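Dear colleague,

I am passing on a structure that may be new to you, and the notes on what was found in it follow directly below. Please read them with the structure open beside you.

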Amino acid sequence: MSKWIKKDDKVLVLAGNDKGKVGTVIAKGKDRLVVQGVNMKKKHLKQRDQNSKSEIIDIETPIHISNVAPCTATGVPVKLKVKNTPENEKYLYYVEEGKEVVFRTLRKAKKK
């Protein structure tokens, strides 16, 4: 499941202090994600020169990919499945109310 998560996908946090929050993936590493508004930490920046000020900023820190699940725009977690079409197109989908809803296209059909 987690291998299908990419940048700009909506995810639901399943574990940790931010359990239940929905956010957008900002960055992805091998097994960690940075999710907007999730796992916030304070960072203290010191004064660099006479013109700048010292300040405390909030930054998102990485969260393990196993602690998130892809979700719909409303925040409902979904199980993604892969389907190939006869036109050699590959896409991710999930089932909602008995209907297939396309989550993302993985491979488009080649034009001849």
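The count of salt bridges in this predicted model comes to 4, and three of them are described here, among them a pair formed by R104 and D9, whose closest N and O atoms are 2.3 Å apart. Because R104 lies in strand β10 (residues 99–107) and D9 in the segment before β1 (10–13), this pair ties together parts that are 95 residues apart in sequence. R104 is buried, with a relative accessible area of 16%, and D9 is buried as well, at 10%.

Strand β10 also holds E100, which ties it to strand β8 (residues 81–84) through K83, so that parts 17 residues apart in sequence are linked; the two side chains meet in a salt bridge at 2.8 Å, N to O. Here E100 counts as partly exposed, at 42% relative accessibility, and K83 is likewise partly exposed, at 30%.

A further salt bridge joins K21 and D18, with the closest N and O atoms 3.4 Å apart; in this pair K21 is partly exposed at 40% relative accessibility, whereas D18 counts as buried at 16%.

Apart from the salt bridges, please look at T61, which is found in the loop between β5 (55–60) and β6 (63–64). T61 has a relative accessible area of 18% and counts as buried, because the cut-off for that word is under 20%. A polar atom of the T61 side chain lies 2.8 Å from the backbone oxygen of N39, and, leaving aside neighbours within four places in sequence, T61 is in contact with L33, V38, N39 and K41.

With best regards

Technical notes:
Residues numbered from 1 in each chain as written. Predicted model: local features only at pLDDT ≥ 70, side-chain atom pairs only at ≥ 80, totals over all residues. Heavy atoms only, no water. Helix = DSSP H or I, 4+ residues; strand = E, 2+ residues; numbered from the N terminus. Buried < 20%, exposed > 50% of the residue type's maximum accessible area, 1.4 Å probe, protein only. Polar contact = N/O pair within 3.5 Å; in protein donor to acceptor, adjacent residues only side chain to side chain. Contact = heavy atoms within 4.5 Å.
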